[in-house]
There are 2 protein chains.
Amino acid sequence: METWDAPARVRALPSWLVSQVALQARNVVARHFGAVGGHRTQFTMLAALAEFGPMSQADLGRRVGLDRSDVAAAVAALAADGLLDRTPDPHDRRRNVVRVTTEGQVRLAALDAAAHAAQDELLAGLSTAERDQLAALLARVAGV
Amino acid sequence: METWDAPARVRALPSWLVSQVALQARNVVARHFGAVGGHRTQFTMLAALAEFGPMSQADLGRRVGLDRSDVAAAVAALAADGLLDRTPDPHDRRRNVVRVTTEGQVRLAALDAAAHAAQDELLAGLSTAERDQLAALLARVAGV
DNA sequence: TACCAATGTTGGCACGACCAACGATAACAG
DNA sequence: CTGTTATCGTTGGTCGTGCCAACATTGGTA
């Protein structure tokens, strides 16, 4: 599976480079998460709930940058696995209040470890200082 | 459309940051390319053919990192628009030799300009030195 | 009250990456 | 030369992800 050199005009584009790296990241992260039986969205959602406490699905979506519809599906799957708890909000009956269960916290810890392992594999060619540089630059471009 | 802070555990992951930036890049580039009537794959393929000369579809796919099937579809579309020329290889009748037409070169120039404009918009918050740093780091991670 | 906004949910669309299979052709081993 | 393997272009499909539309329900507000 020998890969050749891309054209110089393409190789020089940050947008192309970042897409290539994102693709690699997608695969590496998916592999590490799959090893512990999970997905990217699961991790981000569980992390948000663990850090900010219970919230509605809409708020959860805004936190992690997911559409309401995708949140609904993911929450349903996670609730079916007992990783989080979804109950109607008594103060606002439009909303569901979502909270992490104990099992969910266990899964989150596993996903967190997998995520860090994935970063190590993805950034294997970079020193610690360079990884920090890259993360800082990306964060600025991302507006985070 | 107020966006909130993502969880710290997620925000600290380079894989997440790079995906966010890649998403932004996708949208910005698509908008700029759409303004001149083109797509990302068109640009990469035309650039490869312009830089390395005529080649088979399979070679083209290896150059730009596209599957043979996707190359076939993209080449058909570009040939229909007269941007490239696809003829059977007399030396190897399995292959199609693909070459850029004059119209294709014009389109490539327009796409090139659009691509650079997109980079400027995407990396507006970074200095020239920082853009070079980012590109260099991404290139090392991408293995290019 | 009447109107507008937000929520959860279902269903769908678009795009990109990827894979499987096929017929045709080439390259190679015996 | 013959049989096997490999490559090519092509069609068709799968999967993940981001996004939008619509709907009924509920809350907030003029």
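Start by selecting T128(B), A129(B) and D132(B) on helix α7 of chain B: these three residues are exposed. Keep in mind, as you look around, that this is a predicted model.

Now show the whole of α7(B). The helix has 15 residues, and from its first C-alpha to its last it reaches 21 Å, close to the 21 Å expected at 1.5 Å a residue. Next, colour L134(B), A135(B), L137(B), L138(B) and V141(B), the buried residues of this helix. Because these residues cover an arc of only 165° around the axis, they sit on the same side of α7(B). The exposed T128(B), A129(B) and D132(B) are on the other side.

What do the buried residues of α7(B) pack against? Switch on chain A and you will find their partners there: α2 (14–35), α6 (102–122) and α7 (128–142) of chain A. Before leaving the helix, step along to G143(B), the residue that follows α7(B); its phi is positive, near 75°.

**Where the two chains meet**

Zoom out to see both chains. Here 48 residues of chain B are in contact with 48 residues of chain A. On the chain B side, select α1 (8–11), α2 (14–35), α3 (40–52), α4 (57–64), α6 (102–122) and α7 (128–142), since each is an element that gives two or more residues to the contact with chain A. Colouring this side of chain B by class, you will get 29 nonpolar, 10 polar and nine charged residues.

**DNA strand C**

Let's move on to the DNA. Select strand C and the 19 residues that surround it; the closest are S56(A), Q57(A), A58(A), S69(A) and S69(B). Which elements each supply at least two residues of this surface? They are α4 (57–64) and α5 (68–80) of chain A, together with α5 (68–80) of chain B. Highlight α5(A) in particular, as this helix gives the most, with four residues. By class, the surface near strand C has four nonpolar, six polar and nine charged residues.

**DNA strand D**

Finish with strand D, which is surrounded by 19 residues. Label the closest ones: S69(A), S56(B), Q57(B), A58(B) and S69(B). Around this strand, α5 of chain A is joined by α4 and α5 of chain B, each supplying at least two residues of the surface. Pick out α5(B) for the largest share, four residues. A last colouring by class divides the surface near strand D into four nonpolar, six polar and nine charged residues.

Notes: Residues numbered from 1 in each chain as written. Chains lettered and ligands numbered in written order. Predicted model: local features only at pLDDT ≥ 70, side-chain atom pairs only at ≥ 80, totals over all residues. Contact = placed C-beta atoms within 7 Å. Nonpolar A, V, L, I, M, F, W, Y, C, P; charged D, E, K, R; others polar. Near = placed C-beta within 6 Å. Expected span 1.5 Å × (residues − 1). Buried ≥ 20, exposed ≤ 12 C-beta atoms within 10 Å, placed from the backbone. Arc of directions from axis to C-beta.
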